[in-house]
Amino acid sequence: MMAADSDPESEVFEITDFTTASEWERFVSRVEEVLNDWKLIGNNSSKPPEKGEYTSGTWEEKTQDINFADFKFSVTHHCLKQESEEGEGKEEPEEDAFPTAMQDLLCMNNDFPPRAHCLVRWYGMREFVVISPGANCEAVISESKCNLLLSSISISLANTGCQVPMFVQIQQKWRRMYHGECQGLGVRTDFEMVHLRKVPSQYNHLSGLLDIFKSKIGCPLTPLPPINIAIRFTYVLQDWQQYSWPQQPPDFDALLGGEVGGVEFGKLPFGACEDPISELHLATTWPHLTEGIVVDNDVYSDLDPLQAPHWSVRVRKADSPTCLLGDFLTEFFKLCSKKESTEEILGRGPVEEEGKDDISHALSKLTEPTAVPIPKLSVSNMVHSARKRIRRHRRVDESPLSNDVLNSILLYLFPDAAIDKSSSENSESKASQLNTDGKPEEKESDDYNLYNQLKSAPSDSLTYRLALCVCLVNFYHGGVRAVAHLWQEFVLEMRYRWENNYLVYGLASGPPDLRCCLLHQKLQMLNCCIERKRARDDGRKTAEGGKERERGRERKVSGATGTENGRLGPESAEMGREVSPGKSWDSWSDSEGEDEFFECLSDTEEMKEAGSTDGEKGGAKVAKPDGRLHPHGKLTLLNSQEPLYIPVTQEPAPMTEDLLEEQSEVLAKLGTSAEGAHLRARMQSACLLSDMESFKAANPGCTLEDFVRWYSPRDYVEEEVVDENGDTVVRGDLSARMKIPGNMWMEAWATAKTTPARRQRRLFDDTKEAEKVLHYLAVQKPADLTRHLLPCILHAAILKEKEEESVEDILSVRKAIQQATSHASKLLRHPSPDYKKLEDVITQLIAVETVIARSRSLKAKFGIGKAEQGDNAEDLERFVSSLLEEPEVSVIGAGRGPAGSIIHKLFVSAQRAALLAPLDEDTGRGGGADDKKPMGGASVPDFPPPAGREILLRTCVPRPAPYSKALPQRLFCVLMREDFRLAGAFSSDTSFF
C-alpha cells in the first residue's frame, strides 16, 4: 500500500486547463517571434527612394517556415537595401510620423518599375512581409481561413508594434492575390485586391475606375482633393515585316565544292537560325495627370501614344533560339558518350585482312636483305593511294563520306598534297616552310597562345584543323559513321607518311609540346620519328657515296697515322654527321646514318677494325679519337696537353605526357629501398652513360674530372693553392657530392665504354615509337577521338566568338567569354576532365552566341550601320546596346526622337501588313512617321490596341471622418484582354475609431 502511494503515476489527475494556448494563438505567437527575430519592430524612417532605385537597387529576402497546426506556411521578408546615412537618427523622434510604407504609397519616383515583385509594382513599397502557403501545401481559398489569417497578422502587428506592412497570399498562387495590413500610431492601411478574368465594360476606361476609387475612399469633403493619375499603355510588336532576320545560312555547296582554299572550310558557323528577338514592348506613359486634364471614357480618349510624354521599350527574347555554333558544339559533344569502335561502326571485312598484310609488310622491312626503294612520288599521289585500299572493298553507296567531300577534307588537312608532281623536289622545302609558318605578329598575340590555357593545339596546326573537320562531318555528313570514316582515312594517311618519309604537315618541329593535347603530342612524336628516319636515310646515301672515296683515300695515305682518318673534318663536324666506314647500311632499314643514329657494329667488323688500327699503330695501344664535334674553348685534358673536345652525342628521346606518366609510375614502383633507389638512378642515367661513352671516344685518355668540367662545371671546384716551390697555382677537384662512395656518376664512368655516338645503341628507337603511335591512333574510337579534340573545338569556338564580339563590341559578352575561357581552362588542365562540367562551358558559349545574335537582330531592325542615320547613329547604338543590358530603356524624345520614329515605323508597317490588302501595303508604307492618321478614322491606326493598360490613382484624404488625419489612398488598376486587377491601399485614422 505504501509502495502504491509513493508511485508518482498514481498522483496524476486528468485536469482540463482552459488557459492552454490554442493552435491559432501559437501561430500568432510564432509570427510575433519571427518579427522580433528580424528586428522589424518600430518605425525605421528613411529618406524617400530615388528615381529608378527599385530597379537598380538590390533587394534582400529572408525566409522562415512556421506551422499552423500541421499546415506549413512560409514567411518572407522583402527589403530594398539602402545606404544608411549618419543624420537619419536625428529625424526619428517624430512620434506622429506615418509608417514608411504609407509614405511610399504617394511617392512618384518609382511608378511602373520594370523589374520588381508584383506588390512593389502595385503598392510602391520598399519593405514588406508575405505569409504564403508552403511549397506542397494547398491554397487558402475558403473565406473563413482567409479571415483567420488576416486576424492573425492584425494581432501580431498590434502586439509587436511592427510598422512593416504584412500580406497573406490567398487563392491559387497563379492568381497572385494578396490581402494585408499596415499599422502605425493611430493609423492603419488595409490592402485589398480584386481579380477577374474579364474587364467589366463600365470599368474599361479611366472615368469608370475613378468612380470606383471615389466611392471606395468615401471622402466626406465636398470639394474632393485632386486625384493624381499616372497611366501606362503597353503595345506589343510581334510582326517585324520587312525587317527580317538577317542571318544568312552557310553555303554548304561552296564549302564542299571543287574550290577548297581552306578559308571558309576551317571556320565554324555562327549565328541564330531564327530571330532571337521575338517581341518589342513599347510602354507609353503619362506620369502626372489630374482628373480634368485628360478624357478617357467609353466614347472618346485623349490618350494617343504618339502624344505620350514618355516612351520606354523592352524586348522579349526568344527562349533558347537555335544557334549554329551551339548546335555544332552540342552534336560534337554527344559523340563523347558513344561506345562503338571504328570497326563496329564501319563493319569488319576484307579491309581488316588487308590491314594485317600491310602491318606484316611494314615489319618485314626490318629483316629484308636489301633496302626498299623509295620512289619519288608527289604528295598528291599519296593522298589517294591509302584510301583505295579501303574503298576497294567498300561499295560507294556504303561510304559515309563521298569521294568529293573526302578529297576536299584531306586537301584542307594536308595542303602540301596539292603541290605538283613536277616540283616534288621543291615540295619538301615548301612543306617544311609551311610546317613552321604563321604570322609572327599573330603568334605573339593572346588569342594565338590561348591553346596554352585550354591544353588544345595552335590554331594553325593540323590537330586544330582536324577538330574542325571532324565537327563538320559529324554535323552535316552522317554523324558518327562519317567521323569514323574520316578518322580511318587520317590514320592511313599517317602510316603512309611514315612509310614514305613525308613529314606531317602543320606541326611545329621539335619534341612534343606538353602544353598541347595528347593527340597533338602523338602527331608531333610521329613527326620526330619521320625526321630521324629521314636523317638516317640521308646518312645512308652519304655513306654509299663516300665509301669509294674513303677507300681511295686510305690507299693514298696508307702510311699516315690513323688519327687523321678517324677524326672528322671541320665541315663534317659542323654538320654533325659521322659515317661508319666498315658497314654497309643497305641491310638496315631502321638503323642510323647520322651521328646519333648508328647502331653498334657486328663483333667481326669491330675485331677487323681493331686489328687494322693496331696494325697501323704498330702495336701501340693508343685509342683513336672518334666522334669529335669541336674543341671546348681553350680547355685541355688534365693528364695531357691535348685539347678537350665536345663529343657528338645522341639527342635525348622525345616523350609525350602519357609516356612520361608511365615512366614515373615504373620508377615510383621501385620503392624507397636502397636497392630500388639504385636501380631507379641507373634507369634514369641512360642518357648520362651515352654521353660519357661519347666523351671517352672523343677524348682518349680522359678522366671523370675532364667529363665533369664539360658536363657539370659546378661540380668541378678550382682553388688557388701554394705549391712546393711557393708559387700560387690553381688546382681543381670534384665537388663533395661527386666523391660520395657509390656515386652514380663514378659507377657510370667505370662502366662506360669508349664508344662514339654513331656506334651506340639508340636512345630513341624511332621505328618502335612510330609503330606505337600509329597503333595508338588506330585503336582510338570515335568517342576517344572526340575527347582528344574537344579542347580544340572549344578553343575554336572561343576564338570565333571573340572575332564576332569584336564587331559588336559588347562589354558583357567580353566578360562572359573570359569567364567561359577561365572555366574551360580549369577543367581541361585536369588529367581526366569532368565532362558534365564541360557541358556547362558549352552552355556558356551558346549563351554568348545568343547575345551577339540578339545584338545583330536589334541593329538590323533599327537600321544601325546604314549611311542614312548621320548624327543619330551613336545615340541609336547606345539605345540598342542598352536594350540588351537593361530590362527597360527610355526612348529619348519619346515618339519624336530618332529611336521613337523608327519604332513608330515598325508599328505602322506591322499594322498595315495585318489590316490592308497586299497591293496597298507599299503605298501605305511610304508615309512613315510624318503621316499621323486620326485614331478613330476609317484609315488604319498606327498602333494596335494596347496589350495592357495600367492606371495608378493616388490622393490624400481624411478617413473615416472629415476631422480625421489626411491619409494616403492608392488604387492600381491593370486592364488586359483576359485579366482585370484592382489593387487598393486604403488608409484610415484609428485614433477615435
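With which residue does K859 form a salt bridge? K859 pairs with E808, and the closest N and O atoms are 3.0 Å apart. By salt bridge I mean a side-chain nitrogen of Lys or Arg within 4 Å of a carboxyl oxygen of Asp or Glu. As a general point, side chains of opposite charge can pair when their charged atoms come close.

Before going further, I should state that this is a predicted model, in which local features need pLDDT of at least 70 and side-chain atom pairs count only at pLDDT 80 or more, while totals for chains, interfaces and linings use all residues. Residues are numbered from 1 along each chain as its sequence is written, and side-chain values use heavy atoms, with hydrogens and water left out.

Let me stay with this pair. K859 lies in helix α31 and E808 in helix α29, so the salt bridge ties together parts that are 51 residues apart in sequence. Helices here are DSSP runs of H or I with at least four residues, strands are runs of E with at least two, and both are numbered from the N terminus. Helix α29 covers residues 782-808. E808 is buried at 9% relative accessible area, and K859 counts as buried at 17%. Buried means under 20% relative accessible area, exposed means over 50%, and partly exposed lies in between, with a 1.4 Å probe and protein chains only.

E808 has further partners. Its side chain makes a polar contact of 2.8 Å with the side chain of R856. A polar contact is a pair of N or O atoms within 3.5 Å; within protein, one must be able to donate a hydrogen and the other to accept it, and residues adjacent in sequence count only if both atoms are side-chain atoms. Setting aside neighbours within four places in sequence, E808 is in contact, meaning heavy atoms within 4.5 Å, with I852, S855, R856 and K859. Through shared partners, salt bridges join K800, E804, E808, R856 and K859 into one network.

Now to helix α31 itself, residues 835-861. Its 27 residues should span 39 Å at 1.5 Å a residue, and the end C-alpha atoms are indeed 39 Å apart; the expected span is 1.5 Å times one less than the number of residues. At the start of α31, a side-chain oxygen of D834 comes within 3.0 Å of the backbone nitrogen of K836. After α31 comes G863, with a positive phi near 70°.

I turn to other salt bridges, of which the structure holds 29. One of them joins E291 and K214 at 2.5 Å, N to O. E291 lies in the loop between β8 and β9 and K214 in helix α7 (residues 206-217), so this pair ties together parts 77 residues apart in sequence. E291 is partly exposed at 36%, and K214 is partly exposed at 28%. Another joins D513 and R515 at 3.0 Å, N to O. D513 is buried, at 17%, whereas R515 is partly exposed, at 40%.

Finally, the protein overall. The model has 34 helices and 17 strands, and buried residues make up 47% of its 993 residues. Of the contacts with a separation of 6 or more, 75% are between residues 24 or more positions apart.
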